[in-house]
Amino acid sequence: MGVLGEFLRSRRGRVRPADVGLPAGVGRRQTPGLRREELAALAGVSVDYYTRLEQGRDTNPGAEVLHALASALRLGEDERAHLHALARGSAGPTPRSGAGAPRPGLLHLLEAVRPTPAYVLDQVSDLLAVNPEGERLMPGVCGRGNLVRYVFTDPRARDVFVGWEGMARDCVAHLRTVAAADPGSAALAALVAELSAASAEFAALWRHYDVKVKSGSRRTFRDAAGNHVDLISEILTAADGQRLAVFRPTP
């Protein structure tokens with residue numbers, strides 16, 4: 001099964017017949033979600049064609065088919081974009097990873113926003129630069145070298161992030177979108193293998209296959225004195241995938 005088939009199967013298992021107005025039917029279901037023939041009927045394609053898609057024997061569905069599948073699976077905006085990215089696969093140009101030295105313009109902004117905590121990261125969330133306030137907001141983050149690694153392997157992260165589970169889910173969902181955009185990324189493959197071995201929670205979330213494009217969101221942090229601090233993240237992404245993440249106070 002290819003990555004497109006893996007995603008389709010994961011989403012098919014999340015849609016119950018009752019969600020789309022279908023009766024539960026008779027007989028024991030092998031999946032808690034829709035059967036292949038049910039999804040194929042909802043999307044207006046043949047069962048054989050859908051089966052080939054899910055099994056990776058057909059990897060070039062048209063835009064109309066993708067739209068029909070997305071509607072039948074009740075996909076959100078990020079999930080729809082992810083489905084189309086998976087269907088494009090490696091046929092299109094491979095995005096630059098953004099790894100290596102941080103862009104000079106992002107470094108300038110990193111200093112310009114002080115005393116607001118800020119970070120420059122690449123597509124797989126390797127930390128390319130951090131201002132002093134960013135280091136104080138997430139103690140130990142620089143030592144881990146990668147934001148997702150910090151979240152899952154540094155015990156301090158569970159104290160730093162109030163609602164750690166939400167941050168963990170968002171980090172893994174972001175990596176899933178990167179996997180679609182750059183399926184040949186050696187850096188991503190190495191990080192996923194490392195964290196899957198180091199953290200059962202990461203491995204479970206990776207299998208769950210949520211997708212989410214990194215965008216501004218509200219986070220609650222716990223400071224050194226134990227106080228809760230509400231901040232809003234703003235994300236600026238450059239053409240090569242490097243991004244500036246700034247955590248500003250809530251209004």
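## Cavity lining, helix packing and backbone outliers

By class, the second largest cavity has four nonpolar, two charged and no polar residues in its lining. Nonpolar here means Ala, Val, Leu, Ile, Met, Phe, Trp, Tyr, Cys and Pro; charged means Asp, Glu, Lys and Arg; the others, Gly among them, are polar.

This is a predicted model, in which local features need pLDDT of at least 70 and side-chain atom pairs count only at pLDDT 80 or more, while totals for chains, interfaces and linings use all residues. Residues are numbered from 1 along each chain as its sequence is written, and side-chain values use heavy atoms, with hydrogens and water left out.

**Cavities**

The count comes to two cavities of 30 Å³ or more. A cavity is a set of points, on a 1 Å grid over the protein atoms alone, where a 1.4 Å probe fits but cannot get out; lining residues have an atom within 4 Å of a point. The second largest has a volume of about 30 Å³ (the space filled by probe spheres set on the points, which are joined across faces, edges and corners). Arg169, Val172, Ala173, Leu205, Tyr209 and Asp210 line this cavity. Helix α11, residues 164-181, gives the most to the lining, with three residues. Helices (H or I, at least four residues) and strands (E, at least two) are DSSP runs, numbered from the N terminus.

**Helix pairs**

Two packed helices are described by the angle between their axes and the distance between the axes. Axes are lines fitted to C-alpha atoms over the stretch in contact, and angles run from 0 to 180 degrees between N-to-C directions.

| Pair | Axis distance | Angle |
|---|---|---|
| α12 (186-198) and α13 (200-208) | 5 Å apart | about 125° |
| α2 (36-43) and α3 (47-55) | within 9 Å | roughly 110° |
| α4 and α5 | within 10 Å | roughly 145° |

At about 125°, α12 is therefore oblique to α13. At roughly 110°, α2 is therefore roughly perpendicular to α3. The angle classes are: under 35 degrees roughly parallel, over 145 roughly antiparallel, 65 to 115 roughly perpendicular, the rest oblique.

Handedness comes next. α12 and α13 cross left-handed (the near helix is turned anticlockwise from the far one by less than a right angle; clockwise is right-handed). The crossing of α2 and α3 is right-handed. The crossing of α4 and α5 is right-handed.

Contacts (heavy atoms within 4.5 Å) fill in each pair. From α12, Val192, Leu195, Ser196 and Ala198 meet Ala200, Phe202, Ala203 and Trp206 of α13. This contact holds seven nonpolar residues, one polar and no charged.

Between α2 and α3, Arg36, Glu37, Leu39 and Ala40 meet Val47, Tyr50, Thr51, Glu54 and Gln55. Four of the residues in this contact are nonpolar, two polar and three charged.

In α4, Ala63, Leu66, His67, Ala70 and Ser71 face Arg80, Leu83, His84 and Ala87 of α5 in contact. Here the split is five nonpolar, three polar and one charged.

**Backbone outliers**

Arg74 sits in the loop between α4 (63-72) and α5 (77-88). Its phi is near 60°, a positive value in a residue other than glycine.

Arg114 and Pro115 are joined by a cis peptide bond, with omega about 15°. Pro115 lies in the loop between α6 (104-112) and β1 (118-121).

Methods. 1 Å grid on protein atoms, 1.4 Å probe; cavity = no way out; pocket = protein on both sides within 12 Å on 5 of 7 lines; lining within 4 Å.
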